[in-house]
Amino acid sequence: MTTEIVAVDIGGTHARFAIATIGDDGRITLGEPATLHTKDHGSFQLAWEAFRAMNGGTLPDAVAMSVAGPVGNEVIKFTNNPWILRPAKIQEMLGPTRQTIINDFAAVAHAVACADESDFLYLTGPDEALPSSGTLSILGPGTGLGVAHLYRDGKGGYHVQATEGGHTDYAPLDLIEDAILARLRKRHTRVSVERIVSGPGIVDIYATLAAMEHKAIHELTDVQIWTAAAEGTDSLAVAAVDRFCLALGAAAGDCALAQGASGVVIAGGLGYRIRETIKTSGFAERFRAKGRFAGLMATLPVKLITHPQPGLFGAAAAFAREHLQ
């Protein structure tokens with residue numbers, strides 16, 4: 001007997017929906033996902049109704065939700081979009097009789113736990129499978145910086161812990177990063193790593209490099225900068241992305257040290273889009289650049305999850321663990 005659920009992954013910019021099927025053996029199959037812009041819908045309920053209309057007006061009576069922000073409160077407020085969610089009202093307002101709601105990077109951690117080895121791309125460290133026991137640090141840039149960790153017991157069991165590690169302090173490593181920090185300190189009393197290692201963070205990196213080159217600072221959006229870098233049409237944008245990769249490597253190494261990790265996984269849509277750039281950038285060098293612990297860092301496998309919808313897949317996996325096991 002299979003179970004159908006609605007899987008939802010809500011970030012700062014997009015809300016993704018799909019019908020997920022969970023088999024008796026626990027295998028999860030995702031239907032074609034629908035991606036809605038959060039700015040186009042005044043609430044989650046309105047986005048849900050739009051997805052329901054896409055599916056002929058009916059949906060399964062169970063939902064698994066991955067949300068970008070802390071969960072567990074009576075009212076869930078999203079970190080980077082204006083929606084709010086009241087879990088106690090879901091059945092009344094939307095219809096599902098069973099629900100699972102988890103942090104978005106907790107969902108990614110569930111995806112890491114359940115994904116096939118073929119769903120990972122090697123970045124640095126030993127080119128081997130991720131450890132079957134111990135802690136894996138999981139982080140990824142998007143509208144913000146998501147961080148979680150996954151503990152595997154070596155016997156097939158695992159435990160996921162969501163964190164707000166993206167809001168730890170940013171630590172510059174050189175004069176250019178000192179300048180990026182100085183620019184951000186003009187607007188923020190405290191600068192978290194998410195201010196730099198996230199999609200929007202590229203704007204301040206770009207502006208800092210432009211100022212150092214004594215060039216006019218064009219008011220470009222983060223999307224325009226990422227696009228210009230990908231197309232190779234703006235050397236400042238290319239340099240900004242390379243600098244971003246350095247900061248991502250440093251942040252990944254910090255997470256691994258703080259969490260006692262035996263491996264690291266990079267996730268998020270942005271991480272996937274720049275995966276080849278990460279591999280050829282200074283990411284690996286910065287990941288290892290931890291002073292007396294550089295030797296330890298070199299022993300950790302670092303990979304990028306390539307599953308196309310880890311948030312949806314992981315939300316469904318979390319639902320299966322909560323309701324079907």
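The following questions and answers concern a predicted model.

Reader: Which residues of helix α1 are buried?
Author: Helix α1 spans residues 44-54. Its buried residues cover an arc of only 100 degrees around the axis, which puts them on the same side of α1. They are Phe-44, Ala-47, Trp-48 and Phe-51.

Reader: What covers the buried residues of α1?
Author: The cover includes one helix, α2 (90-94). Strands also take part, among them β1 (3-10), β2 (14-22) and β4 (34-37). Also included in the cover are β5 (62-67) and β7 (84-85).

Reader: Which residue follows α1, with a phi that is positive?
Author: The phi in question is near 75 degrees. The residue that follows α1 with this positive value is Gly-56.

Reader: Is Lys-39, in the loop between β4 and α1, buried or exposed?
Author: The relative accessible area of Lys-39 is 68%. The cut-off for an exposed residue is over 50%. Because 68% satisfies that condition, Lys-39 is exposed.

Reader: What distance separates the C-alpha atoms of Lys-39 and Leu-324?
Author: Along the chain, Lys-39 and Leu-324 are 285 residues apart. In space, their C-alpha atoms are separated by 34 Å.

Reader: How many of the residues of strand β9 are buried?
Author: Strand β9 consists of residues 120-124. This strand is largely enclosed by the rest of the structure, because its buried residues number 4 of the 5.

Reader: Which residue in β14 stands opposite Thr-124?
Author: Strand β14 (residues 302-305) pairs with β9 in the antiparallel sense, over 4 bridges. Within β14, the residue opposite Thr-124 is Val-302.

Reader: Is Thr-135 buried or exposed?
Author: Thr-135 belongs to strand β10 (residues 133-141). Its relative accessibility is 14%, and the cut-off for a buried residue is under 20%. Thr-135 therefore counts as buried.

Reader: With which residues is Thr-135 in contact, leaving aside its neighbours within four places in sequence?
Author: Some of the contacts of Thr-135 are with His-149, Leu-150 and Tyr-151. Its other contacts are with Gln-259, Gly-260, Ala-261, Ser-262 and Gly-263.

Reader: Which residues of helix α6 are buried, and which are exposed on the other side?
Author: In helix α6 (residues 222-231), the buried residues are Ile-225, Trp-226, Ala-228 and Ala-229. These cover an arc of only 160 degrees around the axis, which puts them on the same side of α6. On the other side, the exposed residues are Val-223, Ala-230 and Glu-231.

Reader: Against which helices do the buried residues of α6 pack?
Author: After α6 comes Gly-232, with a positive phi near 70 degrees. The buried residues of the helix itself pack against α5 (202-212), α7 and α8 (269-273).

Reader: Where in the chain are the partners of the salt bridge between Arg-243 and Asp-174?
Author: The side chains of this pair meet at 2.7 Å, N to O. The pair links distant parts of the chain, 69 residues apart. Arg-243 is in helix α7 (residues 235-259), and Asp-174 is in the loop between β12 (158-162) and α4 (175-185).

Reader: What is the N to O distance in the salt bridge of Arg-243 and Glu-177?
Author: Arg-243 is buried, and Glu-177 is buried as well. Arg-243 lies in helix α7 and Glu-177 in helix α4, so the pair ties together parts that are 66 residues apart in sequence. The side chains meet at an N to O distance of 3.5 Å.

Reader: Which residues do salt bridges that share partners join into one network?
Author: Glu-177 also forms a salt bridge with Arg-286, the closest N and O atoms being 2.8 Å apart. This pair links helix α4 to helix α10 across 109 residues. Arg-286 counts as buried at 11% relative accessibility. The residues joined into the network are Asp-174, Glu-177, Arg-243 and Arg-286.

Reader: How many salt bridges does the structure hold?
Author: The pairs of Arg-243 with Asp-174 and of Glu-177 with Arg-286 are among them. The structure holds salt bridges to the number of 11.

Reader: Which residues make the nonpolar surface patch of about 260 Å²?
Author: One of them, Phe-293, lies in the loop between α10 (283-288) and α11 (294-297). Phe-293 counts as partly exposed, at 43% relative accessibility. The patch is made by Leu-257, Phe-293 and Leu-296.

Terms used: Residues numbered from 1 in each chain as written. Predicted model: local features only at pLDDT ≥ 70, side-chain atom pairs only at ≥ 80, totals over all residues. Heavy atoms only, no water. Buried < 20%, exposed > 50% of the residue type's maximum accessible area, 1.4 Å probe, protein only. Helix = DSSP H or I, 4+ residues; strand = E, 2+ residues; numbered from the N terminus. Arc of directions from axis to C-beta. Contact = heavy atoms within 4.5 Å. Pairing = 2+ DSSP bridges. Patch = residues over 30% accessible without salt bridge, like charges linked within 9 Å, V, L, I, M, F, W, Y side chains within 5 Å. Areas by Shrake-Rupley, 256 points an atom, 1.4 Å probe, with all protein chains shown as cover. Salt bridge = Lys/Arg side-chain N within 4 Å of Asp/Glu carboxyl O.
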